[in-house]
Amino acid sequence: MRLTRRSAIASALALSACGQGAKSQPAPAPIPPLKSLARFPIGCCVQERWLQEPDYADLLAEQFSQLTAEWEMKMEYILREDGGFQFDRPDSIALFAKARGMALHGHTLVWYAGEPEPFKKLDGKGAAFANAYRNYILAVVGRYKGQARSWDVVNEPITDDGERLRESLWSRNLGLDDHIIRALEHAREADPAAALFINDYHLELKPNKRATFMRLVERLLKRGAPLDGLGTQTHIDYDLPEGAVGAALKDLASFGLPIHLSELDISLGDRFVPALPGDRVKRQIAKYAEVAEAFMALPERQRFAFTVWGLRDSDTWLRGPSGQRPTDQPLLFDDAGQAKPTARVLADAFSRRA
């Protein structure tokens with residue numbers, strides 16, 4: 001018997017209470033592989049070091065059908081200070097994906113926050129800078145031609161306040177819109193078959209940022225840029241207002257382009273006390289269900305992929321120096337790799353609507 005959305009969420013919420021006076025409850029049944037429940041790729045970000053852990057590698061391949069390198073395919077890793085390239089870790093991730101029959105999503109070619117020394121030395125040097133920009137993109141995309149099905153070509157082009165495009169080393173030398181158009185054109189040159197995306201965050205939280213992002217998309221398409229899809233990271237908190245994700249996806253889908261829900265995690269917020277999860281965990285579970293339902297409401301041809309930003313809670317960036325939420329539990333599997341109620345509501349949404 002298929003569960004209704006309400007009963008599935010209720011069951012997951014009940015499971016979240018286990019351990020709070022419910023130690024006699026039997027262990028919940030394993031969830032089916034998430035990748036088996038959807039017609040689109042179910043993705044996860046990885047770091048190369050985690051792939052060396054057999055339990056991690058097996059769980060990853062069992063549940064997911066697409067990989068995104070969390071940071072080791074970014075320029076900050078690939079481009080060395082002497083101008084040479086290092087592909088050891090990206091190659092290892094790509095080889096793992098191939099060996100396990102998983103798709104590969106490239107992340108990311110151009111990012112405002114990455115300004116490597118070889119490009120700083122070319123700052124203001126016109127044609128030399130533009131040639132180096134093209135050569136870098138050709139080298140990286142070309143290396144994974146035929147394996148990477150898609151790329152985040154430009155990452156996070158809109159300012160935090162949502163009012164304008166970011167100024168950066170790239171925009172200063174190549175133009176605000178033009179550095180994005182050039183990157184897309186160079187990526188298309190390197191691999192005509194790969195789907196090319198721009199990707200940003202807080203498009204759900206900040207409608208003004210979404211509007212600025214959409215105006216950028218309009219300009220790129222009007223100028224004939226080879227833009228194939230839109231990535232919305234979806235790093236959100238448990239208390240994001242209801243309907244915000246659905247509104248964002250509906251707006252982004254209005255272009256008719258495929259949508260990649262590209263970096264999903266749902267934080268339990270600052271000063272979360274794991275021993276006293278209470279209402280936060282229940283709302284997080286319901287929010288995961290809401291996000292899945294909103295994605296499944298897209299036209300089937302626009303559901304490019306659904307990617308979670310980490311496998312286990314212990315792997316989340318939110319516990320690290322940049323996230324600074326050391327007790328957060330934002331993902332689908334706990335520190336030990338056991339499925340949480342958040343995974344169960346996704347499984348239900350995908351199986352009912354696939």
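User: Which residues form one aromatic cluster with Phe-40?

Analyst: Phe-40 forms one aromatic cluster with Phe-295, Phe-306 and Phe-350. The model discussed here is a predicted one.

User: How many aromatic pairs does the count give?

Analyst: The count comes to 15 aromatic pairs. A pair of aromatic rings is described by the distance of the centres and the angle of the planes.

User: Why is the pair of Trp-50 and Tyr-56 called tilted?

Analyst: The ring centres of Trp-50 and Tyr-56 are 5.8 Å apart, and rings pair if their centres lie within 6.5 Å. Their planes stand at 45 degrees. Stacked requires under 30 degrees and edge-to-face over 60, so the pair of Trp-50 and Tyr-56 is tilted.

User: Are Trp-50 and Tyr-56 buried or exposed?

Analyst: Buried means under 20% relative accessible area. Trp-50 has 5% and is therefore buried; Tyr-56, at 1%, also counts as buried.

User: What makes the pair of Trp-111 and Tyr-112 edge-to-face?

Analyst: The planes of Trp-111 and Tyr-112 are 75 degrees apart, and the edge-to-face class begins over 60. The centre-to-centre distance of this pair is 6.0 Å, which satisfies the limit of 6.5 Å.

User: Why is Tyr-112 called partly exposed?

Analyst: The relative accessible area of Tyr-112 is 28%. Buried means under 20% and exposed over 50%, so Tyr-112 is partly exposed.

User: How do you know that Lys-74 lies over the face of Trp-111?

Analyst: Lys-74 is placed at 4.1 Å from the ring centre of Trp-111, against a limit of 6 Å. Arg-149 likewise lies over the face of Phe-304, with a distance of 4.0 Å from the ring centre.

User: How many cavities of 30 Å³ or more are there?

Analyst: The count comes to two cavities of 30 Å³ or more. The largest holds about 70 Å³ of space. Of its 13 lining residues, Tyr-112, Pro-157, Arg-166, Ser-168 and His-179 are the closest to the centre. Strand β3 (103–111), strand β4 (148–155) and helix α8 (178–190) each give two or more residues to this lining. By residue type, the lining of the largest cavity has eight nonpolar, three polar and two charged residues.

User: Which residues line the second largest cavity?

Analyst: The second largest cavity contains about 50 Å³ of space. Its lining consists of Lys-74, Met-75, Glu-76, Thr-108, Leu-109, Val-110, Trp-111, Gly-114 and Trp-170. Helix α3 (75–78) and strand β3 each contribute two or more residues, and β3 has the largest share, with four. Five of the lining residues are nonpolar, two are polar and two are charged. Lys-74 and Trp-111, introduced above as a charge over a ring, are both among the lining residues.

User: Why do Cys-44 and Cys-45 not form a disulfide?

Analyst: A disulfide is a covalent bond between the sulfur atoms of two cysteines. The cut-off for the sulfur atoms is 2.5 Å. The closest cysteine sulfur to that of Cys-44 belongs to Cys-45 and is 5.4 Å away, so the distance is too far for a bond. Cys-45 is in no disulfide, and the count for the model comes to zero disulfides.

User: Are Cys-44 and Cys-45 buried or exposed?

Analyst: The threshold for buried is under 20%. Cys-44 has a relative accessible area of 0% and is therefore buried, and Cys-45 counts as buried at 1%.

User: What kind of peptide bond joins His-107 and Thr-108?

Analyst: A cis peptide bond joins His-107 and Thr-108, with omega at about -5 degrees. Thr-108 is found in strand β3. For context, most residues other than glycine have a negative phi, and most peptide bonds are trans.

User: What is noted about phi of Thr-234 and of Gln-324?

Analyst: Thr-234 is not a glycine, yet its phi is positive, near 65 degrees. Gln-324, also not a glycine, has a positive phi of about 60 degrees. Thr-234 is in the loop between β6 (229–232) and β7 (235–237), whereas Gln-324 is in the loop between β9 (303–308) and α12 (341–353).

User: How do you know whether Thr-234 and Gln-324 are buried or exposed?

Analyst: Buried means under 20% and exposed over 50%. Thr-234 has a relative accessible area of 0% and is therefore buried, while Gln-324, at 62%, counts as exposed.

Terms used:
Residues are numbered from 1 along each chain as its sequence is written. This is a predicted model: local features need pLDDT of at least 70, side-chain atom pairs count only at pLDDT 80 or more; totals for chains, interfaces and linings use all residues. Side-chain values use heavy atoms; hydrogens and water are left out. On a 1 Å grid over the protein atoms alone, a cavity is a set of points where a 1.4 Å probe fits but cannot get out, and a pocket is an open set with protein on both sides within 12 Å along at least five of seven lines; lining residues have an atom within 4 Å of a point. Grid points are joined across faces, edges and corners, and a volume is the space filled by probe spheres set on the points. Ala, Val, Leu, Ile, Met, Phe, Trp, Tyr, Cys and Pro count as nonpolar, Asp, Glu, Lys and Arg as charged, and the others, Gly among them, as polar. Buried means under 20% relative accessible area, exposed over 50%, partly exposed in between (1.4 Å probe, protein chains only). A charge sits over a ring if NZ of Lys or CZ of Arg is within 6 Å of the ring centre and within 35 degrees of the ring normal.
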